[in-house]
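Trainee: Could you take me through one part of this model up close? I'd like to start with a pair of strands and see where that leads.

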Amino acid sequence: MAKRQHIDDILRDWQYEPQSVSVRMKKGGDGREVIQLRIDMGLLQLETTGRPDGVRPGGMETYYDLLLSRQLHEGDEFELTEEQCAEADREFVQFYHRRICWLALRKYRRAVGDADHTLALMDMCRDHSPDEQWTMSHEQYRPFVLFHRTQAAALAELAESEENGSPERAIQEINRGLDKLHEVFVQYDAEEHYEDDDLVKRLERLREELRREYKVGRTLQEQLADAVAAEEYELAAKIRDELSRKDSGRR
């Protein structure tokens with residue numbers, strides 16, 4: 001029988017590094033892949049699919065799915081209870097930890113998926129919250145989640161560039177993310193802070209670094225926006241046709 005390794009041995013052999021995300025993939029006892037995240041007082045082990053703790057709330061894949069089924073059943077009158085708010089908070093934390101793990105592991109599509117889950121759960125909490133203060137305790141992090149999602153989507157396009165991805169589409173992912181961020185600032189009457197926001201600046205720097213490194217000029221989507229803004233509709237129509245041809249070629 002193989003000797004079981006005590007957690008003391010694991011922690012001693014895997015030192016915590018506060019300046020970085022210390023994460024690794026390991027095999028579980030049944031051979032399944034799990035994520036291990038080293039934290040200052042131990043380690044976290046997360047499942048790679050479904051909810052990170054492996055629990056199926058009410059038989060559903062995630063607590064968001066359970067809330068969605070309750071909301072569909074109860075209709076517009078649905079409002080989260082105190083217990084449901086606490087359970088939603090638990091799921092937010094779990095998906096945050098796994099999202100930063102996927103980013104550190106360069107599993108960018110998986111990071112995008114977990115960010116989308118968090119954003120959907122944020123929408124649920126915002127739309128059915130019993131308390132405005134509790135709502136804002138989550139909404140204040142929406143730009144951060146959007147930043148992670150945008151960063152991951154752009155890097156995924158670069159990582160896949162030898163197949164179906166491209167630097168141009170990476171830049172377009174950043175532009176889409178910036179548009180989403182701008183919408184959030186407008187929604188919460190903070191548009192005047194948008195241009196000076198650190199997350200916005202970091203995405204803009206990444207976009208311009210990609211332009212320089214890959215020698216990418218204005219993307220077709222950017223050229224289309226420029227043409228529409230300048231009311232050059234004939235040019236805009238030609239650019240739309242070219243975009244359609246490119247989209248057809250990727251199918």
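Mentor: Sure, let's start with one facing pair: Arg-38 sits opposite Leu-43 in S3. Keep in mind that this is a predicted model. Strand S2, residues 33-39, pairs with S3 in the antiparallel sense, over 6 bridges. Zoom out a little and you get an open sheet of 3 strands, ordered S1-S2-S3, with antiparallel pairing. Its edges are S1 (22-27) and S3 (42-47), each of which pairs on one side only. On average, neighbouring strands in this sheet are turned by 30° against each other, if you ignore direction.

Now for the helices. Two packed helices are described by the angle between their axes and the distance between the axes. For H6 (residues 142-159) and H8 (residues 198-214), the angle is about 10° and the axes are 10 Å apart. Angles under 35 degrees count as roughly parallel, so H6 is roughly parallel to H8. On the H6 side, the residues in contact are Pro-143, Phe-144, Phe-147, Thr-150, Gln-151 and Leu-158, and they meet Leu-199, Arg-202, Leu-203, Leu-210 and Tyr-214 in H8. Sorted by class, that contact has 8 nonpolar, 2 polar and 1 charged residues.

One more spot to click on is Val-112, in helix H4 (residues 108-127). Val-112 counts as buried because its relative accessibility is 8%, and the cut-off for buried is under 20%. Leaving aside neighbours within four places in sequence, Val-112 is in contact with Arg-149, Ala-152 and Ala-153. Take Arg-149: Val-112 and Arg-149 are 37 residues apart in sequence, yet their C-alpha atoms are 5.1 Å apart in space.

Conventions
Residues numbered from 1 in each chain as written. Predicted model: local features only at pLDDT ≥ 70, side-chain atom pairs only at ≥ 80, totals over all residues. Heavy atoms only, no water. Axes fitted to C-alpha atoms, helices over the stretch in contact; angles between N-to-C directions. Helix = DSSP H or I, 4+ residues; strand = E, 2+ residues; numbered from the N terminus. Parallel < 35°, antiparallel > 145°, perpendicular 65-115°, else oblique. Contact = heavy atoms within 4.5 Å. Nonpolar A, V, L, I, M, F, W, Y, C, P; charged D, E, K, R; others polar. Buried < 20%, exposed > 50% of the residue type's maximum accessible area, 1.4 Å probe, protein only. Pairing = 2+ DSSP bridges.
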